[in-house]
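Thank you all for coming. Let me put the structure up, and then I will walk through the sheet, the nonpolar cores and one buried side chain.

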Amino acid sequence: MQILDIARAALTGAGVTALLLGALRILDIWQAPVEPWVLLAIAGAFFVSGALVPAQDAPEPGADEDREGAVAPDPLAESLAEAAEALTSRGTADLGELLSKMDPVVLEAEYVYITVPDDREEWPDAFTEAEPLGTFREDEGESWIVERSVADAAEWSYDAVFRGITLTVHSSLTAIGFLAVLTFALSEQGIAVNVVSATYHDHLLVPKERVRDAMAVLRGLQTGGADIQKEMSDE
């Protein structure tokens, strides 16, 4: 029923967005690999041929402009922009591409892990204006990753101090093996690492005294990934 509903929506004039988002849903169902430009090309061809656009009366002269001369929004451009955003937000799951394009960046601040009380009235003043890098709810309470200066201002205890590294490649949350390669390589150099995966990027927190060593390992992996990508393209 999902595929039939998608087709029905497209044929009844739901527009380019419905077609492309529907195609993405079909790909998820069938696990079929496809490049984003292919879907955009298909959608453009359908749109130009009129297959997705119901017949409309010709607009009156000047109808696209208001009294101040502003041009009305273009539905086609808006639909394509929305569809393109949906396509690009998926991230890459290709291991070679993830390694060759991860471009790690060290965050400036030092970070610590703390557990904050559930009762906000028990919070020190420093917590009320804090902006945690990340939070996670556990049975024992809510864990925060915050700048070291926040914990120090609140006189709150912590175990270790970390530096953050953001992998700027847009990774898929369903990518397989990427983080396993990174954590294994770091462990081989005796570097502890805590990983936080978010919508667009993966983030590593390593002991502050080992951040340079960690960056050296990551850059070596990136160079190796680029070499693999080049060899594959030459074949």
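What joins β5 to β6, and through how many residues? The link is a hairpin, and it runs through four residues. Please keep in mind throughout that this is a predicted model, and that what I quote is computed from it.

Let me place that hairpin in its sheet. The sheet is open and has six strands, which follow the order β2-β3-β1-β4-β6-β5 with antiparallel pairing. Its edge strands are β2, residues 134-138, and β5, residues 194-197, each of which pairs on one side only. On average, and ignoring direction, neighbouring strands of this sheet are turned by 30° against each other.

Two of the pairings deserve some detail. β5 pairs with β6, residues 202-207, in the antiparallel sense over four bridges, and within that pairing Val196 of β5 has His203 as its bridge partner in β6. Further along the sheet, β1, residues 104-116, pairs with β4, residues 162-167, again in the antiparallel sense, over five bridges, and here Val106 has Ile165 in β4 as its bridge partner.

Ile165 takes us to the packing. In soluble globular proteins, nonpolar side chains tend to be buried together. In this model the largest nonpolar core has 18 residues, and Ile165 is among those with the most contacts inside it, together with Met102, Leu167, Phe178, Leu182 and Leu218. At least two residues of this core come from each of α5 (95-100), β4, α8 (178-188), β6 and α9 (211-234), and α9 gives the most, with five residues. Apart from this core lies another, of twelve residues, including Val112, Val116, Trp144 and Ala154.

Within the largest core, Phe178 is a useful residue to follow. Not counting residues up to four places away in sequence, Phe178 touches Leu95, Leu98, Leu99, Met102, Leu167, Val169 and Asp202.

Asp202 then leads to my last residue, Ser171, which is found in the loop between β4 and α8. Why does Ser171 count as buried? Because its relative accessibility is 4%, and the cut-off for buried is under 20%. The side chain of Ser171 makes a polar contact with the side chain of Asp202, at 2.8 Å. Leaving aside neighbours within four places in sequence, Ser171 is in contact with Gly91, Thr92, Leu98, Thr199, Tyr200, His201 and Asp202. Leu98 and Asp202 therefore appear in the contacts of Phe178 as well as in those of Ser171, if contact is taken as heavy atoms within 4.5 Å.

Notes
Residues are numbered from 1 along each chain as its sequence is written. This is a predicted model: local features need pLDDT of at least 70, side-chain atom pairs count only at pLDDT 80 or more; totals for chains, interfaces and linings use all residues. Side-chain values use heavy atoms; hydrogens and water are left out. Two strands pair if DSSP finds at least two bridges between them. Axes are lines fitted to C-alpha atoms, for helices over the stretch in contact, and angles run from 0 to 180 degrees between N-to-C directions. A nonpolar core is a set of buried Ala, Val, Leu, Ile, Met, Phe, Trp, Tyr and Cys residues joined through side-chain atoms within 4.5 Å. Buried means under 20% relative accessible area, exposed over 50%, partly exposed in between (1.4 Å probe, protein chains only). A polar contact is a pair of N or O atoms within 3.5 Å; within protein, one must be able to donate a hydrogen and the other to accept it, and residues adjacent in sequence count only if both atoms are side-chain atoms.
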